[in-house]
Amino acid sequence: MTTSERTIRGKVAIAGIGETTYYKRGQATESEFELVLQAVQRAAEDAGIDVREIDGFASYSNDRNTPERIATAFGIPEYRFSNMFWGGGGGGGSGAVANAAAAIAAGYAETVVVYRGLAQGQFGRFGQGPRVNTVAGDGAFTVPYGVMSPAQTFAMRVRRFMHDHGAKQEALRAIALASYRHAQSNPRAVMYGRALDEEAYDHSRWIVEPFHLFDCCMENDGGAALVLVAAERARDLKQKAAYILAAAQGSAHRQGAAAHNAPDYATSNFKTLAPRLYAMAGVGPDDVDVLQSYENFTGGVMMSIVEHGFCAPGEVNDFFTLENFSSPKGRLPLNTSGGNLAECYMHGLELITEAVRQVRGSSTCQVPDVEISMVTSGPMVQPVSNLILATERG
Amino acid sequence: MAASQRPERKYYLPVGLPAPAPHIDGLGKEFWEATRRHELLVQFCGACENYQWGPEFLCHHCHDWDSLSYRRVEPRGRIYSWERNWYPAHPALQTGVPYLVVLVELPGAGNVRMVGNLLGDPEQEVVIGTDVEAVFEDHDDHDPQFTLVQWRVV
Ligand SMILES: [Zn+2]
């Protein structure tokens with residue numbers, strides 16, 4: 001069998017999505033585990049299946065809420081697949097969906113849930129450095145110099161990209177403005193009712209140059225889940241199916257080299273994935289109707305968009321405008337729920353629920369006649385992943 | 001905050017940040033020991049004559065284990081990228097912002113890179129490509145003692 005025959009293309013669909021209330025960090029009244037249970041239950045309800053039909057679990061970023069605990073809580077009679085995508089940040093969002101899809105295609109399981117729960121108020125925060133006397137290994141080369149948070153870890157990759165290609169701060173600003181604009185139509189969004197304009201962005205405080213406050217993802221509490229089934233079965237379920245046309249994951253040559261020694265430094269780490277994703281899907285960037293691109297920081301979105309072929313590196317200043325990124329009429333409607341910047345930092349799983357909504361036609365910022373709905377997960381981390389959903393099996 | 005208003009400090013950053021240590025499997029030990037002697041080491045493979053950083057157990061080019069050793073290199077480089085930090089991500093940094101971090105490439109060692117602070121005014125203009133030299137910052141009053149590799153514009 002050739003690699004091209006071994007494909008996930010059109011074999012699996014996302015049939016259900018579930019989300020909790022999205023909270024500011026520390027404001028959830030439920031525990032993190034309850035948030036996960038709520039999200040999983042709602043995703044099953046949305047798909048129109050009994051939650052006890054779930055027989056597989058996939059997550060990422062070392063989610064604390066184990067399949068065993070979830071299955072026990074719901075009284076699931078047996079589960080047949082459990083899987084954790086390695087790596088931190090949101091790099092595994094699309095990857096967890098891909099792994100769940102692979103399990104269904106391979107016959108390991110019939111109904112797999114992808115989930116993520118986060119209550120940063122109840123556990124450690126991502127935006128804070130370690131409180132220890134010594135730091136060993138790779139961290140020894142950065143933490144003692146004050147490079148410990150994700151923003152600090154990624155800022156120099158983005159600065160170098162801006163230097164190499166003459167990208168301006170306004171390009172980053174356009175990404176933040178689009179997220180906030182879309183969030184104003186989305187009652188789920190934590191930043192619903194809190195509009196952002198150019199002046200407010202420009203005057204916002206620096207976190208670490210080149211990132212203003214509004215270039216950085218929020219820290220939130222919440223839960224989200226997706227239910228996947230085989231494509232033939234999805235056709236008969238309650239919702240319009242979002243078919244998985246392609247998925248890819250991975251990391252390029254020595255991206256994780258210590259002390260910022262990745263040979264290709266100014267990258268989102270999608271250069272090797274994008275061609276594989278498009279080849280499996282049989283589409284190109286011009287075919288993509290709407291994009292959800294993981295924003296740990298706007299600079300990562302900038303490099304992701306370039307590396308997925310939506311514009312050349314030298315065209316960033318022209319292409320990255322609020323108009324181009326706005327639903328419904330922009331050239332590339334981007335992060336149409338508000339995403340990690342303005343809806344909820346659900347570690348990017350909320351970007352995939354939104355990509356599903358765009359296929360269904362039920363987004364609060366719906367792009368007309370969507371056929372191809374794309375997600376990129378976790379720029380600048382190792383590994384990263386991406387996903388193409390479609391209205392047709394292909 | 002202008003440089004003249006910065007609190008007097010013994011080190012570039014306030015005390016209280018974690019000290020560097022080798023990996024629990026020993027990787028990086030030679031590098032940190034050498035900084036105590038004010039020497040800058042990176043790995044060099046005698047078999048394929050390539051520099052390598054960060055430290056690994058074998059040469060990633062030719063997979064030779066035995067020809068890989070630490071080589072003393074010129075403590076000079078040029079700024080490859082930089083960031084100016086305004087948010088204290090650690091309690092020790094509450095009085096430490098803003099501060100500058102530079103990523104320095106070492107042309108004398110195969111352009112491997114090192115992360116450090118850029119000494120001087122934290123609000124100075126930073127230009128990618130600027131030549132810098134290492135400054136060894138001894139923390140003798142910490143237990144364990146350690147030395148950081150900082151950088152200043154030549
Ligand atoms: Zn070698």
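Colleague: Which residue of S9(B) is the bridge partner of B:Phe136?

Modeller: Helices (H or I, at least four residues) and strands (E, at least two) are DSSP runs, numbered from the N terminus. Two strands pair if DSSP finds at least two bridges between them. Here the partner of B:Phe136 is B:Val149 in S9(B). S8(B) and S9(B) run antiparallel and are joined by 8 bridges. They form a hairpin, with 6 residues between them.

Colleague: What should I know about the model and its numbering?

Modeller: It is a predicted model, in which local features need pLDDT of at least 70 and side-chain atom pairs count only at pLDDT 80 or more, while totals for chains, interfaces and linings use all residues. Residues are numbered from 1 along each chain as its sequence is written, chains are lettered from A and ligands numbered from 1 in the order in which they are written, and side-chain values use heavy atoms, with hydrogens and water left out.

Colleague: Which strands does S5(B) pair with?

Modeller: Within chain B, 3 bridges join S5(B) to strand S8 (residues 131–139), and the two run antiparallel. One of the pairings puts B:Gly77 opposite B:Val132 in S8(B). S5(B) also runs antiparallel to strand S7 (residues 206–209) of chain A, with 2 bridges between them. There, A:Val208 has B:Asn85 as its bridge partner.

Colleague: How many residues of each chain are in contact across the interface?

Modeller: Taking contact as heavy atoms within 4.5 Å, 45 residues of chain B touch 42 residues of chain A. Buried area is the accessible area (1.4 Å probe) that two parts lose on being put together, summed over both. For these two chains the value is about 3,700 Å², with 56% of it on carbon and sulfur atoms.

Colleague: How many salt bridges cross the interface of chain B and chain A?

Modeller: Side chains of opposite charge can pair when their charged atoms come close. The rule asks for a side-chain nitrogen of Lys or Arg within 4 Å of a carboxyl oxygen of Asp or Glu. It finds 2 across this interface. B:Glu56 forms a salt bridge with A:Arg254, and their closest N and O atoms are 3.7 Å apart.

Colleague: How many salt bridges does the structure hold over all chains?

Modeller: The count is 29 over all chains. One of the pairs is A:Glu32 with A:Arg64, at 2.7 Å from N to O. A:Glu32 lies in helix H1 (residues 32–47) of chain A and A:Arg64 in the loop between strand S3 (56–60) and helix H2 (67–74) of chain A, so the pair ties together parts that are 32 residues apart in sequence.

Colleague: How many aromatic pairs are there over all chains?

Modeller: Rings of Phe, Tyr and Trp (its six-membered ring) pair if their centres lie within 6.5 Å; planes under 30 degrees apart count as stacked, over 60 as edge-to-face and the rest as tilted. The count comes to 18 over all chains. A:Phe141 and B:Phe31 are edge-to-face, 5.6 Å centre to centre with 70° between the planes. This pair joins two chains, because A:Phe141 lies in the loop between strand S6 (134–136) and helix H4 (150–165) of chain A and B:Phe31 in helix H1 of chain B.

Colleague: Where are the cis peptide bonds you can show me?

Modeller: Most residues other than glycine have a negative phi, and most peptide bonds are trans. The bond from A:Gln382 to A:Pro383 is cis, with omega near -5°, and A:Pro383 lies in the loop between strand S12 (372–377) and strand S13 (384–390) of chain A. The loop between S12 and S13 of chain A also holds A:Met380, whose phi is positive, near 80°. In chain B, the bond from B:Val97 to B:Pro98 is cis, with omega near -5°.
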